[in-house]
Amino acid sequence: SNENTNGLIRQYWPKKMSLKNLTQSQADRVERRLNHRPRKCLDYLTPYEVFNNTQESLTVALRS
């Protein structure tokens, strides 16, 4: 999973590219795109959807 994510990040920033000039807004943009990209290992849900569903489940469990 980690190696796959590294590969996805490399689509935006190649290995030899210096990241010293990378801005926070550029990093945030890529983060949003990756977190809203469906993943086969998540049954084609996005990491964002899985995180929010987990949060909702935990909130309901804590209220019970």
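Helices (H or I, at least four residues) and strands (E, at least two) are DSSP runs, numbered from the N terminus. By that rule, the chain holds three helices and zero strands. The model is predicted: local features need pLDDT of at least 70, side-chain atom pairs count only at pLDDT 80 or more, and totals for chains, interfaces and linings use all residues. Residues are numbered from 1 along each chain as its sequence is written, and side-chain values use heavy atoms, with hydrogens and water left out.

**Whole chain**

Begin with the complete chain, displayed as a ribbon. Its elements follow the pattern α-α-α along the sequence. Next, reduce the display to C-alpha atoms: along the principal axes they fill a box of roughly 50 × 25 × 15 Å. The radius of gyration of the chain is 15 Å, whereas a compact globule of 64 residues would have a value near 11 Å. This radius is taken over C-alpha atoms, and the globule rule is 2.2 Å times the number of residues to the power 0.38.

**Surface and charge**

Switch on the molecular surface. The accessible surface of the chain comes to about 5600 Å², and carbon and sulfur atoms contribute 53% of that area. These areas come from the Shrake-Rupley method with a 1.4 Å probe; for residues, only the protein chains shown count as cover. Of the 64 residues, 12% count as buried (buried means under 20% relative accessible area, exposed over 50%, and partly exposed in between, with a 1.4 Å probe and protein chains only).

Colour the charged side chains next. There are 11 positive and 6 negative side chains, and the centres of the two sets lie 11 Å apart. Lys and Arg count as positive and Asp and Glu as negative, while His and the chain ends are not counted. Each charge is placed at NZ of Lys, CZ of Arg, CG of Asp or CD of Glu.

**Helix H2**

Select Arg 32, which is found in helix H2. Arg 32 is partly exposed, at 49% relative accessibility. Then add Tyr 48, 16 residues from Arg 32 along the chain; the two C-alpha atoms are separated by 8.9 Å.

**The loop between H2 and H3**

Move to Asp 43, in the loop between helix H2 (24–35) and helix H3 (47–63). Asp 43 is not a glycine, yet has a positive phi of about 60°. Its relative accessible area of 65% makes Asp 43 exposed.

Finally, select Tyr 44, which also lies in the loop between H2 and H3. Here phi is near 65°, a positive value in a residue other than glycine. Tyr 44 counts as exposed, at 54% relative accessibility.
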